[in-house]
Amino acid sequence: MIPARWPREDAASERLLVVDPRAETFRDARIGELPFLLRPDDLLVLNDAATLPASLAGRGPRGEPIEARLLGELASGTFRAVLLGPGDWRQRTEDRAAPARVEAGDRLAFAGLSATVERVSRISLRLIELRFDRSGADFWLALYRAGRPVQYAYTSRPIELWQVQVAYASRPWAVEMPSAGRPLRWDLLLALRARGTRFARVTHAAGLSSTGDAALDAALPLPERFEIPPGTVEAVASAHRAGGRVIAVGTSVARALEGAAQGGALIEGTGETDLVIGPGYRPRVVDGLLTGTHEPSASHFALLHAFAPAALLARASEHAERAGYLTHEFGDSWLVLPRSTA
Amino acid sequence: MELKGKGALVTGASKGLGAALAAELARVGARIALVARGAGELSRVAAEIRATGGEAHALPANVADKRAAHAIAGSAAALVGPIELLIHNASTLGPVPLRLLLDTDCEDLDHVLEVNLVGPFRLTKIVAGAMALRGSGLVLHVSSDAAVAAYPRWGAYGVSKAAQDHLSRILAAELSPAGVRFLSVDPGEMDTEMHAAAMPDADRAALPAPAAVARRIASMIRQAERIENGARLEAGSWKEAG
């Protein structure tokens, strides 16, 4: 499939493939039609994480060029990070040279910010814990000065931080944009609201989609931090009571909601999840899914199998390919409708 | 709105009304991110708030700097949690002594609009979407009587403040259904550096202290749900109840 190489001007006219597992059909629509595709009393759950400037270009302990991609904050000023070798955004991560090997105690220098390698993972020598030499407000401002958003080789030019934020972003937790929510502008969200669709939120520290290291990519997703506010637990219960359906916007929301319901019922609070949703998984909270257009080989596509039969997904995917649906962060979307009649 | 434990972002917080508002809001339990250009003064204000048991983080940045907008909003949310209260207090008069509009350089008008209107708009754009998703939140614009009265020589500033008042009203009209509130507050005359720069001959002893005005504005914020969304209020005629 072809990637969308740049954010498009009019999000409402982006394409939306509506997959209906109950009727075993799919059809072409536009994002702007969402208010008519969802029902009053449906609950749309969004990930309100802002996207970090998670990519830091710098120098290793012996002056070698490296790039650190922050995966998530472990404690104040300490992050899990992946190292990449020399290269730039035009190269796919899998084509990037391996980074110089680092050990605990090594110092990494970035523009106006430096850090110490605290620990190197057993999964991969590129996966490290990094303690920055600043904390609090000093650290955050320095990070925004030194960092850029994680780049994608398929874009026509480098993307800026504002282009990878959803329209309702709050705390900067996400390493990469929770991109399923990208086409949801306020014009559309208010139209949904006016028709009776409710909103709830989770904050999920969406991690890297790939690292370029086979051993590490095989271990993805690493545990990701999430927070389920009390209001979301109530909103899910009340939607289900009223016969509404819970639609997760993005796989990160599906993982957070399902991850927080592993005890049986959805519970509020913060946690980490490394839950993998795929074929055979029976969702406990999420009824339907708004998501990007993914290649059938992607893990995000595997997640769809928990919501729709494999044969239908395969047909839908062939259609999307033929019809020229665009993939990746700035691409077109799929709405996988709930299976149940409720 | 209840302020205890809530994340608040106050611009122009290194002195005058901004510093007083930050201190007053921290006193009632809000977690404050302070923004101003002067790092030294800002750190001192934040340290004073922390010394009295409040939570305050100094973010030295320029609200007129396009590249700083995400740094300000993102850092603030990382430090104090989701921003539930955004106070646009930073502003500039433009060149002083104040000039007639025909003597005002276009670049100076541009700069005043950038600091007083476009910069705040950028921050609101970044912050208010999350408020709308949560169905709550307040954006407060510090206004001036120069937004309403046509005072000679207050052209650049007055135009920017009038535009800001209207920005506040339109945002309120658009986001009322989503539960986000907007207010413009004219603090009235106060004994501040800005007042002294605009009116060097005024008797400073006769002017109210910023701290007294900040208490009134904090009272408005606590009562915000009872105020019409998009309203423009004068601190001087506000009856402190809560």
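Two strands pair if DSSP finds at least two bridges between them. Helices (H or I, at least four residues) and strands (E, at least two) are DSSP runs, numbered from the N terminus.

This is a predicted model, in which local features need pLDDT of at least 70, side-chain atom pairs count only at pLDDT 80 or more, and totals for chains, interfaces and linings use all residues. Residues are numbered from 1 along each chain as its sequence is written, while chains are lettered from A and ligands numbered from 1 in the order in which they are written.

**Exercise 1. Work out how β4(B) and β5(B) pair, then place them in their sheet.**

Step 1. Find strand β4 (residues 83-88) and strand β5 (residues 138-142) in chain B: four bridges join them in the parallel sense. For a landmark, look at L86(B), which sits opposite V139(B) in β5(B).

Step 2. Now zoom out. The open sheet of chain B has seven strands, ordered β3-β2-β1-β4-β5-β6-β7, with parallel pairing. At the edges you'll find β3 (55-60) and β7 (232-234) of chain B; each has a single partner strand, so one side of each is left without a neighbour in the sheet. On average, neighbouring strands here are turned by 20° against each other, direction ignored. (Axes are lines fitted to C-alpha atoms, for helices over the stretch in contact, and angles run from 0 to 180 degrees between N-to-C directions.)

Step 3. Add the helices. Two residues are in contact if their C-beta atoms, placed from the backbone, lie within 7 Å. Helix α4 (residues 106-134) of chain B lies across β4 and β5 of chain B and runs at about 175° to β4(B).

**Exercise 2. Describe how α3(B) and α4(B) pack.**

Step 1. Know what to look for: two packed helices are described by the angle between their axes and the distance between the axes.

Step 2. Read off the values: the angle is about 40° and the axes of α3(B) and α4(B) are 9 Å apart. Angles under 35 degrees count as roughly parallel, over 145 as roughly antiparallel, 65 to 115 as roughly perpendicular and the rest as oblique. α3(B) and α4(B) are therefore oblique to each other.

Step 3. Find the residues that meet. From α3(B) come A69(B), H70(B), I72(B) and A73(B); from α4(B) come R122(B), L123(B), I126(B) and V127(B). By class, this contact has six nonpolar, one polar and one charged residues. (Ala, Val, Leu, Ile, Met, Phe, Trp, Tyr, Cys and Pro count as nonpolar, Asp, Glu, Lys and Arg as charged, and the others, Gly among them, as polar.)

**Exercise 3. Which elements of chain B touch chain A?**

Step 1. Start with the totals: 20 residues of chain B are in contact with 22 residues of chain A.

Step 2. Sort by element. β3, α3 (69-80) and α4 of chain B each give two or more residues to this side, and α3(B) gives the most, with seven residues.

Step 3. Sort by class: the side of chain B that touches chain A has 13 nonpolar, six polar and one charged residues.

**Exercise 4. Is β14(A) buried or exposed?**

Step 1. Set the cut-offs. A residue is buried if 20 or more other C-beta atoms lie within 10 Å of its own, exposed if 12 or fewer, and partly exposed in between, with C-beta atoms placed from the backbone.

Step 2. Count: seven of the seven residues of β14(A) are buried, so this strand is largely enclosed by the rest of the structure.

Step 3. Check both faces. In a regular strand the side chains alternate between the two faces of the sheet. On one side of β14(A) are R198(A), A200(A), V202(A) and H204(A), on the other F199(A), R201(A) and T203(A), and all are buried.

Step 4. Look at the partners. β4(A) pairs with β14(A) in the parallel sense over five bridges, and L44(A) has F199(A) as its bridge partner. β15(A) runs antiparallel to β14(A), with two bridges joining them; here T203(A) is partnered by E227(A).

Step 5. Add the helix: α5 (residues 230-241) of chain A lies across β4 (43-47), β14 (198-204), β15 (224-228) and β16 (246-249) of chain A, at about 140° to β14(A).
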